[in-house]
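Hi,

Here is the structure I promised to send over. Have a look at it first, and then read on for my notes on what turned up.

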Amino acid sequence: MTEPTPPAVLHRAIAASAIGNATEWFDYGIYAYGVTYISAALFPGDTAEATLFALATFAISFLIRPLGGFFWGPLGDRHGRKAVLGVTIVMMAGATVLVGLIPSYAAIGMWAPALLVILRMVQGFSTGGEYGGAAIFMAEYAPDAKRGFYGSFLEVGTLAGFCAGAVLMLGFSLLLGDAAMREWAWRLPFLLAGPLGLVGVYLRSRMEETPLFREVEQQEHRGAGSPLRDLLTRHRRPLLAMSGLVIALNVVNYTLLSYMPTYFERRLGLSTDAALAVPLAGMLFMMVLLPFAGALSDRIGRKPMWMASLIGLMLAVVPLYHVMDAGPVSAVIGYALLGMLYVPQLATISATFPAFFPTPVRFAGFAIAYNLSTSLFGGTAPAVNAWLIDRTGDPLMPAYVMIAACVVGLAALRFTDETARQPLRAA
């Protein structure tokens, strides 16, 4: 049995976990909200063509994430969560800073997009270990009865990082103007990832390994063989079930967080600043709801939360897209309602997914299932949505894709065990 974690240590663990997630999503926020400026600076072609290239580059980082999952996951199960998380946050923050230092396409030609692709791949590789490790770190510290509540703060970090990146990009745009943003000011938010990463390194350096990992380490369960071989031979069902839930989770996630600014600007005719401001208001609303949803999952279970979210999105996404089409105010309302339906999934990630696997293979199981599904169906969502609309002329294509993903999630939910208020399995 592990001893209860002192509140001060638990709070530090929450902060140490969430800061890495905030750093990761800070980069996504500035990239998604600055894609018009980044594409103009680093890619050839007209605005629409360059933007599509930039969105495709965003997707490339996700294609490398499974390699990161296969690399970092077994390492985290053998050598500890803390060691992996210390390296991944340095790689993420460093790559983000370097993006802000890439010379323009006018200065170095095709080397500009090539360097961006390389740095996005570094970010994807590091994220392959960062997100799963942070969720597990938090889950293995949290008390069983409140794992949903405390785990929700990892996603508060997600939205806080994304909103911080968005606010910086929007703020610099309003303060300095479009011409300065296109010439040089788009780089400033990327450079600010450096201090954020240093804070994360400091917080994580002060933490010990999780109690559950130390318990298994003392019992020498890790010496039985390869965590990866054990995972693939004995835990195929939870791998598949979690992968299905992640497909639903991340198609919705990356459509709402990464693609919607582009959608509002290109399809609804909003100005660049208005297209950035609408999702930002919706995400701030979601941040307020997350801890309440996490706490509710501790009372009624994770599966009812997921079922309500998936069915709600399937029924409401098309009507809410029509609401968003009606104008800027309606766009805020429609986006906020979509976000509210998505919150029950988002709030329970750190409580739901680590419970799929026992401690000796938890990091590898989470990292592989999460990153394979995310790379194929999540990070590609912005580029796929843009491509489908261009090919069909139907602005509702993102809604149809979201419905299909939710159907996959409902099928996976049938094979998911309820784990609320139960201890995480040690072996």
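To start you off: is Ser297 buried or exposed? It is buried, with a relative accessible area of 0%. Before going further, please keep in mind that this is a predicted model, so treat what follows as a reading of that model.

Staying with Ser297 for a moment, you'll find it in helix 14 (residues 272-300). Leaving out residues up to four places away in sequence, Ser297 touches Gly148, Arg302, Met305, Thr348 and Ala420. Thr352 is another one to look up: it is 55 residues from Ser297 in sequence, and the C-alpha atoms of the two are 9.8 Å apart.

Two asparagines are worth a click as well. Asn385 sits in helix 19 (residues 381-392) and counts as buried because its relative accessibility is 0%. Its side chain makes a polar contact of 3.2 Å with the side chain of Thr255. Once neighbours within four places in sequence are set aside, Asn385 is in contact with Thr255, Tyr259, Pro398 and Val401.

The other one is Asn371, in helix 18 (residues 362-378). At 2% relative accessibility, Asn371 is buried too. Here the partner is a backbone atom: the oxygen of Gly128 lies 2.8 Å from a polar atom of the Asn371 side chain. With neighbours within four places in sequence left aside, the contacts of Asn371 are Arg65, Pro66, Gly69, Thr127, Gly128 and Phe366.

Now the helices. If you trace helix 8 (residues 147-183), you'll see that it doesn't run straight: there is a kink of about 115° in it, centred on Gly177. The end-to-end span shows a shortfall as well. A straight helix of 37 residues would cover 54 Å at 1.5 Å a residue, but the end C-alpha atoms of helix 8 are only 46 Å apart.

Helix 2 (residues 35-42) is a short story: 7 of its 8 residues are buried, so it is largely enclosed by the rest of the structure. The buried ones are Val35, Thr36, Tyr37, Ile38, Ser39, Ala41 and Leu42.

On to the nonpolar interior. The largest nonpolar core has 117 residues, and within it Phe264 and Phe353 touch the most other members. Helix 13 (residues 236-267) gives the most to this core, with 15 residues. Not counting residues up to four places away in sequence, Phe353 touches Met242, Leu245, Val246, Leu249, Trp306, Phe366 and Tyr370. Phe353 also turns up in a cluster linked by ring pairs, together with Tyr131, Trp306, Phe356, Phe357, Phe366 and Tyr370.

How many aromatic pairs does a search of the whole structure find? There are 22. One of them is Trp72 with Phe125: the ring centres are 5.7 Å apart and the planes are at 55°, so the pair is tilted. This pair links distant parts of the chain, with Trp72 in helix 4 (residues 65-79) and Phe125 in helix 7 (residues 111-141), 53 residues apart. Trp72 is buried, with a relative accessible area of 6%, whereas Phe125 counts as partly exposed at 24%.

Phe264 and Tyr335 form another tilted pair, 6.5 Å centre to centre with 55° between the planes. It also links distant parts of the chain: Phe264 is in helix 13 and Tyr335 in helix 16 (residues 328-346), 71 residues apart. Both Phe264 and Tyr335 are buried.

Last, two charged residues. Glu208 is in the loop between helix 10 (193-205) and helix 11 (211-219), and at 52% relative accessibility it counts as exposed. Apart from neighbours within four places in sequence, Glu208 is in contact with Lys82, Phe137, Tyr141 and Arg214. For a sense of scale, the C-alpha atoms of Glu208 and Arg391 are separated by 52 Å, and the two are 183 residues apart along the chain.

Then there's Arg421, in the segment after helix 20 (397-413). Most residues other than glycine have a negative phi. Arg421 is not a glycine, yet its phi is positive, at about 65°. Arg421 is partly exposed, with a relative accessible area of 46%.

Cheers

Definitions and conventions: Residues are numbered from 1 along each chain as its sequence is written. This is a predicted model: local features need pLDDT of at least 70, side-chain atom pairs count only at pLDDT 80 or more; totals for chains, interfaces and linings use all residues. Side-chain values use heavy atoms; hydrogens and water are left out. Helices (H or I, at least four residues) and strands (E, at least two) are DSSP runs, numbered from the N terminus. The expected span of a helix is 1.5 Å times one less than its number of residues. The bend at a residue is the angle between axes fitted to the seven residues ending there and the seven starting there. Buried means under 20% relative accessible area, exposed over 50%, partly exposed in between (1.4 Å probe, protein chains only). A polar contact is a pair of N or O atoms within 3.5 Å; within protein, one must be able to donate a hydrogen and the other to accept it, and residues adjacent in sequence count only if both atoms are side-chain atoms. Contact means heavy atoms within 4.5 Å. A nonpolar core is a set of buried Ala, Val, Leu, Ile, Met, Phe, Trp, Tyr and Cys residues joined through side-chain atoms within 4.5 Å. Rings of Phe, Tyr and Trp (its six-membered ring) pair if their centres lie within 6.5 Å; planes under 30 degrees apart count as stacked, over 60 as edge-to-face and the rest as tilted.
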